[in-house]
Amino acid sequence: AQDFRTRVAQVRTSNTDVAATAQQSIADMAALRFHDADMPEEEWVPAAGVPWFVTLFGRDSLIVSYQCMGYYTALARGTLRRLAQYQATERDDWRDAQPGKIPHELRHGELAHFHLIPHTPYYGTWDATPLYLIVLHETWRWTGDRGLLETYLPTAERCLEWIDRYGDLDGDGFQEYQTYSNQGYDNMSWKDSGNCVVYPDGSLVPQPKALCELQGYVYDAKRRLAEIYRVLGQPDRASELERQAATLRAAFNARFWLDELETFAFGLDPHKRPIASVASNPGHCLWTGIAEPDKAARVVRRLLQPDMWSGWGIRTLSAQHPAYNPFDYQVGAVWPHDNSLLAAGFKRYGFAAEASQVARGIFDAAAYFESHRLPEVFAGADRAATTFPVQYLGANIPQAWAAGSVFLLLRTLLGLRADAPNGRLYVHPTLPDWLPDVELTNLQVGGARLDLRAWQSGETSHWEVTRHEGPEIEVIAAPATPDAL
């Protein structure tokens, strides 16, 4: 843990609640790492959470790695290595595996040893495979390590083949998930509880299901892999992936948009009918950039309406929905990691004030939990009614992607985007009144270490680099855009 503290980027701010939350999150990430004897010293893998998920989790480990970019890239390096080693090589319906698929969860113990459960590992997730491509590219952008691309390109190509061959079940260009195991999961995106994907009347949507965020993940993954192909001298493959991504974006915005709800459909049901339930999932379509800008603006407004905005964060499901339960896992509760991705999406489309609103809700909630430690999930009860965030019974505490939310929220407010291969770091701070100053020390961009300070003066946020060690990095003021990688 002490070694971790000397390597990880540190957070300083005059907002004592944010400072305390950041310090607790650093401690939690130190505790949730694991390192195997066959791994290089600079590589670690994040376990998902305590007590239920102290193991390798495809989706969780990848999202945590993304959240921690610039702070501690050892997590991404270890995650890319370990998940590549477990990438499926053959079809195994018991474990929901197909060639090229990235695993969901690995378990040990008697049940796994005697094959009474399929978690050896189990592959019942549809999002880990495109997320692998996103994290590979993002790690390269923060580290500048071309060797990562050369090492994991075969893994990435197998991911891409799985996306096109197995992820799209009916050949319509969209990702649909379905289990083939008698112990398989009914839901295979990040909302994976059995009751989380619901029609407007509250009834459960059967498989196969094409959730909206899966389309965004694939769009983002193909654009990122296209850039990797260009760097590796394969422009024709890059152009083809860019064409596929553009086709998917156009089809998605035409097919999933629900004008009367001012948001994207939760997904498409087995008959390709839009699931017209208002949920947090469309916010991920802003994080990935698949949403057209005019639609993104309406999604932002919709997610911050009182039925979705609890005051502590954005709920997983609208409070107006018949299935809504603020005390149920994914039909009304608030997840910090979900909100961190939503805030990043808001900022990507230029909605800085709205991103700040989400961040403040999460940091305000953290101040009420013991030691400022964010739990995996907390209740979606309205802030005005409770005056404090209500604990969710059974939540993992600590949880890696809850801790990682703090890092991504701060990176979002500072507008940090790395292009280490070209020796650049882009900065666009939009600090709110409640967070008048932030300093990140030991920020890692390529082989360089930076201390970056941002502060608010009037309506304007300013920044400066106060320390720079290692290779030259050009720090440039530039906002993100929907089309920027």
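This tour goes from the whole chain of a predicted model to one residue in a loop, Leu435.

**Whole chain**

Begin with the full chain shown as a cartoon, where 15 helices and 13 strands can be picked out. Its radius of gyration is 21 Å, close to the 23 Å given by the globule rule for 485 residues, so the chain is as compact as a globular protein of that length. Drawn along the principal axes, a box of roughly 55 × 55 × 45 Å holds the C-alpha atoms.

**Surface and interior**

Next, switch on the surface. The chain exposes about 17,000 Å², and carbon and sulfur atoms supply 50% of that area. Colour by burial: 62% of the 485 residues count as buried. Then select the charged side chains, 44 positive and 60 negative; the mean positions of the two sets are 2 Å apart.

Contacts can be displayed at this stage too. Of those between residues at least 6 apart in sequence, 65% join residues at least 24 apart.

**Leu435**

Now select strand S9 (424–427) and strand S10 (437–445), and go to the loop between them, where Leu435 is placed. Is Leu435 buried or exposed? Its relative accessible area is 0%, which is under the 20% cut-off, so Leu435 counts as buried.

To see what surrounds Leu435, show Thr13, Asn15, Val18, Leu410 and Leu413, the residues in contact with it once neighbours within four places in sequence are left aside. Finish by drawing a distance between the C-alpha atoms of Leu435 and Asn15: the separation is 6.1 Å, although the two residues lie 420 residues apart along the chain.

Key. Residues numbered from 1 in each chain as written. Predicted model: local features only at pLDDT ≥ 70, side-chain atom pairs only at ≥ 80, totals over all residues. Heavy atoms only, no water. Helix = DSSP H or I, 4+ residues; strand = E, 2+ residues; numbered from the N terminus. Rg over C-alpha atoms; globule rule 2.2 N^0.38 Å. Buried < 20%, exposed > 50% of the residue type's maximum accessible area, 1.4 Å probe, protein only. Contact = heavy atoms within 4.5 Å. Areas by Shrake-Rupley, 256 points an atom, 1.4 Å probe, with all protein chains shown as cover. Lys, Arg positive; Asp, Glu negative; His and termini not counted. Charge placed at Lys NZ, Arg CZ, Asp CG, Glu CD.
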